[in-house]
Structures are given as structure tokens and as C-alpha cells.
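Here's a quick briefing on how the inside of this one is put together. Have the viewer open and follow along.

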Amino acid sequence: MLFTIIGTDKPGALETRLATRERHIAYLTAYQERVVHGGPILDRDGRPCGSLLIVDVPDRAAAEGFAAADPYAEVGLFESVIIRGHRVVFRDGAIAE
């Protein structure tokens with residue numbers, strides 16, 4: 001099942017993000033078969049201020065575990081994390097249903 005994970009960085013946490021990025025990318029790479037889409041959310045000036053991941057995992061508990069084990073979460077980067085189930089309707093410019 002697909003889940004969207006949206007993490008919003010704590011204010012002033014850009015240095016924490018940058019210092020942890022290599023570990024974060026290594027974590028995602030280790031589970032790349034589960035990551036459907038991912039990348040930073042940008043502020044108005046184009047700087048990272050959060051993360052968006054769409055992951056394919058069996059259930060909500062697995063999505064929560066995936067989010068909690070992310071190095072960004074482990075270092076306390078996020079002010080908040082939202083996890084929601086996700087269903088694809090459009091993919092690559094066409095209706096997917």
C-alpha cells in the first residue's frame with residue numbers, strides 16, 4: 001500500500017539537515033525498492049524545509065516504522081510528521097485507474 005510521509009523541518013534546522021543528508025540518502029538507498037517518490041520540500045527561496053516521501057509498504061505500522069528509522073527523524077530534524085495512505089489516480093500524465 002502506498003503512504004505519503006511529509007516531514008516539516010524545525011525552524012532553523014537547515015544545518016542539521018545538511019549534516020545528516022548523507023545518512024538519510026544511504027537509508028533511502030537501502031530501501032529504494034520501497035521508495036516510489038521522494039525529495040525535499042522547498043521554501044520560497046528554494047532551500048529545503050521539509051521532506052516528502054511516497055513509500056510502498058504493507059501497512060500504516062510499516063510506514064510509521066520507516067519514517068521513524070529515517071536518520072532525519074532520529075536526529076530530531078522534524079517539527080511534525082504526517083503519514084497518510086495514498087492512492088494513485090494520475091501517473092505520468094495519464095489516468096492510472
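How many aromatic pairs does the structure hold? This is a predicted model, and the count comes to four aromatic pairs. Below, we go through the rings, then the nonpolar core, then the empty space.

**Aromatic rings**

- A pair of aromatic rings is described by two things, the distance of the centres and the angle of the planes.
- Take Tyr31 and Phe66: their centres sit 5.9 Å apart with 80 degrees between the planes, and that makes the pair edge-to-face.
- Tyr31 is in the loop between H1 and strand E2 (35-42) while Phe66 belongs to helix H2, so this pair ties together parts that are 35 residues apart in sequence.
- Are these two partners buried or exposed? Tyr31 counts as partly exposed, at 38% relative accessibility, whereas Phe66 is buried, at 7%.
- Next up are Tyr72 and Phe78, whose ring centres are 6.2 Å apart and whose planes meet at 85 degrees, so this pair is edge-to-face.
- Here Tyr72 counts as buried at 2% relative accessibility, and Phe78 counts as buried at 15%.
- Tyr31 and Phe66 also join Tyr27 in one aromatic cluster.

**Nonpolar core**

- In soluble globular proteins, nonpolar side chains tend to be buried together.
- The largest nonpolar core in this model has eleven residues, and they are Phe3, Ile5, Tyr27, Leu28, Leu53, Val55, Val57, Ala63, Phe66, Ala67 and Ile83.
- Four elements each bring at least two residues to this core: strand E1 (2-9), helix H1 (14-30), strand E3 (48-56) and helix H2 (60-69).
- Which of them gives the most? That's H2, with three residues.
- Two residues from the ring section turn up in this core as well, namely Tyr27 and Phe66.
- Ala67 is another one to click on: leaving aside residues up to four places away in sequence, Ala67 touches Ile5, Ala73 and Ile83.

**The cavity**

- Rolling a probe the size of a water molecule over the atoms shows where empty space is left.
- With 30 Å³ or more as the cut-off, the structure holds one cavity.
- The largest cavity has a volume of about 80 Å³.
- What lines it? The lining of the largest cavity consists of Ile5, Ile6, Gly7, His24, Ser51, Leu53, Ala67, Asp70, Ala73, Phe78 and Val81.
- E1, E3 and strand E4 (78-86) each supply at least two residues of that lining, and E1 gives the most, with three residues.
- By class, the lining of the largest cavity splits into seven nonpolar residues, three polar and one charged.
- Ile5, Leu53 and Ala67 are in both this lining and the largest nonpolar core.

**The pocket**

- The largest pocket has a volume of about 210 Å³.
- Its lining is made up of 14 residues, and those nearest the centre of the pocket are Arg17, Arg21, His24, Pro40 and Tyr72.
- Where does this lining come from? H1, E2 and E3 each supply at least two residues of it, and the largest share, six residues, comes from H1.
- In the lining of the largest pocket, eight residues are nonpolar, four are polar and two are charged.
- His24 is worth selecting, as a residue that lines the largest cavity and also lies among those nearest the centre of the largest pocket.

Definitions and conventions
Residues numbered from 1 in each chain as written. Predicted model: local features only at pLDDT ≥ 70, side-chain atom pairs only at ≥ 80, totals over all residues. Heavy atoms only, no water. Core = buried A, V, L, I, M, F, W, Y, C linked by side-chain atoms within 4.5 Å. Buried < 20%, exposed > 50% of the residue type's maximum accessible area, 1.4 Å probe, protein only. Contact = heavy atoms within 4.5 Å. 1 Å grid on protein atoms, 1.4 Å probe; cavity = no way out; pocket = protein on both sides within 12 Å on 5 of 7 lines; lining within 4 Å. Points joined across faces, edges and corners; volume = space filled by probe spheres on them. Nonpolar A, V, L, I, M, F, W, Y, C, P; charged D, E, K, R; others polar. Phe/Tyr/Trp six-rings, centres within 6.5 Å; stacked < 30°, edge-to-face > 60°.
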